[in-house]
Amino acid sequence: MDTLLRFLAALAVGAAGGALFWSIHAPLPWVLGSMAACAVASVAGLPIQASAATRRPMAAVIGVVLGSSFGPHLLPQARDWIIPLAALPFFLATAALLCVTYFRKVAKFDPVTAYFAGMPGGIAEMVVMGAERGADERAIGLIHGARIFLVVFILPFLIRLDHAPVATSAVTPVTGDVASWPLLFWGLGCALLGLLIGRLLRLPAWHLVGPLAVSAAVHMSGLADFRIPGWALAAAQVGLGATMGCRFVGLTLKELLRILALAAGSTAILLAVTFAWAAGIGTLAGVDPVLLTLAYSPGGLAEMSMVALSLALEPGVVVIHHLTRVILVLIGAPLGFASMGRKSGAD
């Protein structure tokens, strides 16, 4: 009961922050405002809390929304993704090498902790892999959490300086009134079925990817063309932002500033590499560099896709690249670590 009350308090704080950011016309206001407000409240010691379990319903709603952006219009564009997807492993290798070196030389982490803190993968996966190999799992979790926090907070503002939303037929505005019965049937059905499938198949970020896949299949097949109401999407974004902000619960201001400072260094490296690769690959492949920046960015899948949606870009492209990134890191990180161990043993 206490956990539920703390989560409701986090949602209330997040909603207030989202409303403030919305009132000043900030980009992605319900995510960023909620995230910032809950981060401040966490460090201030207010009784708020959010966990991975409380994040799942919100992630499922966002997955259904992102899936609704898929459609037959994406298929003719698939050839445009060949070069960016082919370049993705080399981008990840470059980013990982630079960040692991940073955490080893600058942050003075031990080799195992530095390795998994520097991998551009998901928080849960990197924490588990690192813990199994003797790393400091708390440090890994905090570094990745702070990195995503910083990227999600900074990148929308940077992009908006150089990119105004442009209407596109690829994304239908997510608006609407109180949910109708057909919408409730399709939306809830995609969410529940997607959660079940994602869990059974052990998909990466299954609570997001499962509903996304089912919603995408429904829209691409023409079975339905429903859209989630704007108020429901805003509520899910508040929950997503609150969960990210609550990752800093229990930290003192001094500890938070130290983690943010270390993460800021790796984030600066990652963003610099991202901008450079997005500009180069975008020019080579004839793809919008802003879209590729979101596709390559070291932020979370849901968050970067939401930024794309808010800018009327193709969230489907962002989703595909981030899923590919997650899979490549899941496969490549253990192989790279094993190779590093063999080299150390040989020395």
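1. A quick word on terms before the helix ends come up: helices here are DSSP runs of at least four residues, numbered from the N terminus. Keep in mind, too, that this is a predicted model.

2. With that in hand, look at what follows α11. Gly286 sits just after that helix and takes a positive phi of about 70°. The helix itself covers residues 253–285. Its length checks out: 33 residues at 1.5 Å a residue should span 48 Å, and the end C-alpha atoms are 45 Å apart, which agrees.

3. How many salt bridges does a search of the whole structure find? The search turns up two. Points 4 and 5 take them in turn.

4. One pairs Arg6 with Asp2, and the closest N and O atoms are 3.0 Å apart. Both belong to helix α1 (residues 2–23), and because they are four residues apart, about one helical turn separates them. As a reminder, an α-helix has 3.6 residues a turn, so residues three or four places apart point the same way. On exposure, Arg6 has 28% relative accessibility and so counts as partly exposed. Asp2 comes out at 48%, so this residue is partly exposed as well; the cut-off for exposed is over 50%.

5. The other joins Arg133 to Glu132, with 3.6 Å between the closest N and O atoms. Arg133 has a relative accessible area of 29%, so it is partly exposed. Glu132, on the other hand, reaches 59% relative accessibility and therefore counts as exposed. In general, side chains of opposite charge can pair when their charged atoms come close.

6. Now for a greasy spot on the outside. Leu193, Leu196, Ile197, Leu200 and Leu201 make up a nonpolar surface patch, and together they have about 490 Å² of accessible area. Leu201 is part of helix α8, which runs over residues 181–201. Is Leu201 buried or exposed? With a relative accessible area of 58%, Leu201 is exposed.

7. Ile228 is worth a look next to that. Where does Ile228 lie? You'll find this residue in the loop between α9 (206–221) and α10 (230–245). Despite the loop setting, Ile228 counts as buried, because its relative accessibility is 10% and the buried class takes anything under 20%.

8. One last distance, if you want to orient yourself: Ile228 and Leu5 are 223 residues apart along the chain, and their C-alpha atoms are separated by 27 Å.

Definitions and conventions: Residues are numbered from 1 along each chain as its sequence is written. This is a predicted model: local features need pLDDT of at least 70, side-chain atom pairs count only at pLDDT 80 or more; totals for chains, interfaces and linings use all residues. Side-chain values use heavy atoms; hydrogens and water are left out. Helices (H or I, at least four residues) and strands (E, at least two) are DSSP runs, numbered from the N terminus. Buried means under 20% relative accessible area, exposed over 50%, partly exposed in between (1.4 Å probe, protein chains only). The expected span of a helix is 1.5 Å times one less than its number of residues. A salt bridge is a side-chain nitrogen of Lys or Arg within 4 Å of a carboxyl oxygen of Asp or Glu. Patches are made of residues with over 30% relative accessible area and no salt bridge: like charges are joined within 9 Å, nonpolar side chains (Val, Leu, Ile, Met, Phe, Trp, Tyr) within 5 Å. Accessible areas come from the Shrake-Rupley method with a 1.4 Å probe; for residues, only the protein chains shown count as cover.
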